[in-house]
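This report is a guided reading for someone who meets the structure here for the first time. It moves from the whole chain to its domains, and then to single helices and residues.

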Amino acid sequence: MAKNFNEMTWKEYSLAFMVTRPGCSAEYRTGDWRSQKPVVDKSKCIKCGIWELRSRWGSVKR
Amino acid sequence: MHKVRNLGIEVSLGISEAVKLADVDAIAAYPITPQTHIVEHLSELVADGELNAEFIPVESEHSAMSVCAGTAAAGARTYTATSSQGLALMNEILFIIPALRLPIVMTLANRALSGPISIWNDHSDLMSVRDTGWIAIFAENGQEAFDLTLQSFKIAEDHRVLLPISVNIDGFTLSHVIEPHEFLSQEEVNEFLPPYQPLVQLNPDKPVSMGMVGIPEIFFEAKKAQDVALIESKAVIKEVFKDFGDRFGRYYNVIESYRTEDAETLLLTMGSISETAMEAIDVMRDEQGRRVGLLRLRLWRPFPVDELREMVKGVKTLAVIDRAVSFGGTGGPVAGEIRSALYSTADRPYVASFIAGLGGRDVTVKDFMDMAALAEKMEAEGEIHEYKMIGVRE
């Protein structure tokens with residue numbers, strides 16, 4: 001991809017901001033969405049199960 | 001020279017005939033007074049096999065406009081019509097159509113918004129959707145409604161435009177009257193209006209996604225592009241008006257004028273009351289020797305600022321007649337627009353804002369003469385005002 005999508009001017013987007021290439025979301029960098037990285041401290045775990053319910057996309061189990 | 005076919009016909013049916021001549025592919029509409037006759041006749045034309053189109057009866061106007069979005073996105077020439085409460089029910093989808101750059105043509109048989117409940121004519125319905133991003137054009141009589149309906153498809157579908165258009169006709173005053181029409185033949189229309197060639201369309205063989213999320217990093221750019229598209233459509237509108245005039249002899253302008261030469265005072269109107277206003281101008285000019293003229297705003301969106309500034313040069317008083325109220329605002333919707341357009345210009349005329357003809361109230365020749373005189377008096381006295389209602393019992 002030539003230019004990052006959030007650096008393009010209003011003239012450079014496709015008509016009506018249509019997506020004309022299937023699967024092009026793979027080119028969209030999402031890694032910098034997170035500003036803080038959670039670290040699990042297993043020594044404090046009391047096995048309450050709340051984190052399992054509340055963690056995003058089931059990232060933590062048991 | 002084109003072949004003339006004259007016919008006395010109800011204006012609504014004349015519009016249906018124009019839609020038929022435009023050979024639309026899809027119509028989705030819900031009946032509402034005073035638009036009913038248009039879609040009723042179209043459903044007959046489709047049922048009788050005279051028009052090869054999908055007529056999709058829906059359960060509400062919200063669905064009507066949603067279906068239109070779908071058919072237009074699939075690349076179909078798409079038409080609908082509505083009025084007042086129906087337009088209000090479409091509101092959510094109305095914003096999305098221009099954002100998706102879908103060239104839908106819609107007749108808006110202008111009718112007051114409730115309440116009190118009214119089926120009669122004013123422009124409050126159109127004004128409620130002012131900022132949806134649709135092109136908005138006004139017809140003053142049946143012939144114009146017929147001509148502008150055909151021209152609207154050509155304007156909307158031009159690849160430099162790709163925007164929806166509402167063709168405004170005053171409810172009852174136009175929709176339900178029989179007027180002489182000069183029709184065009186199918187051959188003439190085919191030559192003027194070739195089949196719609198979508199730039200992008202929904203097609204499984206070449207998939208696209210329309211109506212994506214606009215996160216903060218791109219939403220603003222999307223709106224800028226949409227705004228520029230609407231503003232730039234004016235050049236294409238003028239081009240199509242000229243093409244139509246060259247072919248068929250009836251020329252249209254974004255602002256029409258009537259006897260404005262040497263005028264010190266101008267009235268400004270939109271829609272069918274313009275014809276009454278022209279009569280008033282004749283009386284004031286011919287019987288009273290007054291230097292008055294009339295501007296008739298044909299194109300409401302995109303607003304023809306440059307043309308307006310040019311046409312009011314040297315004019316002392318401009319009386320703008322609105323047919324809607326912006327409650328608690330600084331003027332009628334049209335007058336407010338005009339004051340903004342002229343504020344930064346030198347030697348601008350005094351702008352009087354009058355609101356008349358709400359909910360079907362007649363605006364007579366005498367009313368126009370009274371408004372011209374009142375505007376001149378206000379100008380002479382330098383009266384500071386927001387707006388005045390004309391014809392209301394005090």
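A residue is called buried if 20 or more other C-beta atoms lie within 10 Å of its own, exposed if 12 or fewer do, and partly exposed in between. In this predicted model, buried residues by that count make up 48% of the 394 residues in chain B.

**Chain B as a whole**

Chain B contains 13 helices and 15 strands. Its radius of gyration is 21 Å, close to the 21 Å that the globule rule gives for 394 residues, so chain B is as compact as a globular protein of that length. Along its principal axes, the C-alpha trace of chain B spans about 70 × 55 × 45 Å. Of the contacts in chain B with a separation of 6 or more, 80% are made by residues 24 or more positions apart.

Chain B also touches a second chain: eleven residues of chain A are in contact with 18 residues of chain B. On the side of chain A that touches chain B, nine of the residues are nonpolar, two are polar and none is charged.

**Two domains and the side between them**

The domain assignment divides chain B into domain 1, residues 5–248, and domain 2, residues 255–389. The centres of these two domains of chain B, taken over C-alpha atoms, are separated by 28 Å. Where they meet, 26 residues of domain 1 of chain B are in contact with 20 residues of domain 2 of chain B.

Which elements of domain 1 of chain B each supply at least two residues of the side that touches domain 2 of chain B? They are α6 (124–128), β6 (135–138), β7 (165–170) and α9 (216–248) of chain B, and α9(B) gives the most, with five residues. Sorted by kind, the residues on this side of domain 1 of chain B are twelve nonpolar, nine polar and five charged.

**Helices of chain B**

Two packed helices are described by the angle between their axes and the distance between the axes. Helix α10 (residues 273–286) and helix α13 (residues 365–381) of chain B pack at an angle of about 65°, with their axes 8 Å apart, and the crossing of α10(B) and α13(B) is right-handed. From α10(B), the residues Thr276(B), Ala277(B), Glu279(B), Ala280(B), Val283(B) and Met284(B) take part, and they meet Val365(B), Phe368(B), Met369(B) and Ala372(B) in α13(B). The residues of this contact between α10(B) and α13(B) comprise eight nonpolar, one polar and one charged.

In helix α12 (residues 333–343) of chain B, the residues Pro333(B), Val334(B), Ala335(B), Glu337(B) and Ile338(B) are buried. What do the buried residues of α12(B) pack against? Their partners in chain B are α6, β11 (292–297), α11 (305–311), β13 (317–322) and β14 (350–355).

**Backbone exceptions and their places**

Most residues other than glycine have a negative phi, and most peptide bonds are trans. The table lists places in chain B that depart from this pattern.

| Place | Feature | Value |
|---|---|---|
| Thr33(B) to Pro34(B) | cis peptide bond | omega near 0° |
| Ser114(B) to Gly115(B) | cis peptide bond | omega near 0° |
| Asp23(B) | positive phi, not a glycine | about 55° |
| Phe172(B) | positive phi, not a glycine | about 65° |

Pro34(B) is placed in the loop between β2 (26–29) and α2 (36–47) of chain B, whereas Gly115(B) is placed in the loop between β5 (105–110) and α6 of chain B. Asp23(B) lies in the loop between α1 (11–21) and β2 of chain B, and Phe172(B) is found in the loop between β7 and β8 (178–183) of chain B. Is Asp23(B) buried or partly exposed? Asp23(B) is partly exposed, because 17 other C-beta atoms lie within 10 Å, and Phe172(B) likewise counts as partly exposed, with 19 C-beta neighbours inside 10 Å.

**An exposed loop residue**

Glu50(B) belongs to the loop between α2 and β3 (54–57) of chain B. With 12 other C-beta atoms within 10 Å, Glu50(B) is exposed. Leaving aside residues up to four places away in sequence, Glu50(B) touches Lys20(B) and Leu45(B). The C-alpha atom of Glu50(B) is separated by 10 Å from that of Leu21(B), which stands 29 residues apart from Glu50(B) along the chain.

Notes. Residues are numbered from 1 along each chain as its sequence is written. Chains are lettered from A and ligands numbered from 1 in the order in which they are written. This is a predicted model: local features need pLDDT of at least 70, side-chain atom pairs count only at pLDDT 80 or more; totals for chains, interfaces and linings use all residues. Domain bounds come from an automatic or database domain assignment. Two residues are in contact if their C-beta atoms, placed from the backbone, lie within 7 Å. Helices (H or I, at least four residues) and strands (E, at least two) are DSSP runs, numbered from the N terminus. Ala, Val, Leu, Ile, Met, Phe, Trp, Tyr, Cys and Pro count as nonpolar, Asp, Glu, Lys and Arg as charged, and the others, Gly among them, as polar. Axes are lines fitted to C-alpha atoms, for helices over the stretch in contact, and angles run from 0 to 180 degrees between N-to-C directions. A crossing is left-handed if the near helix is turned anticlockwise from the far one by less than a right angle, and right-handed if clockwise. The radius of gyration is taken over C-alpha atoms; the globule rule is 2.2 Å times the number of residues to the power 0.38.
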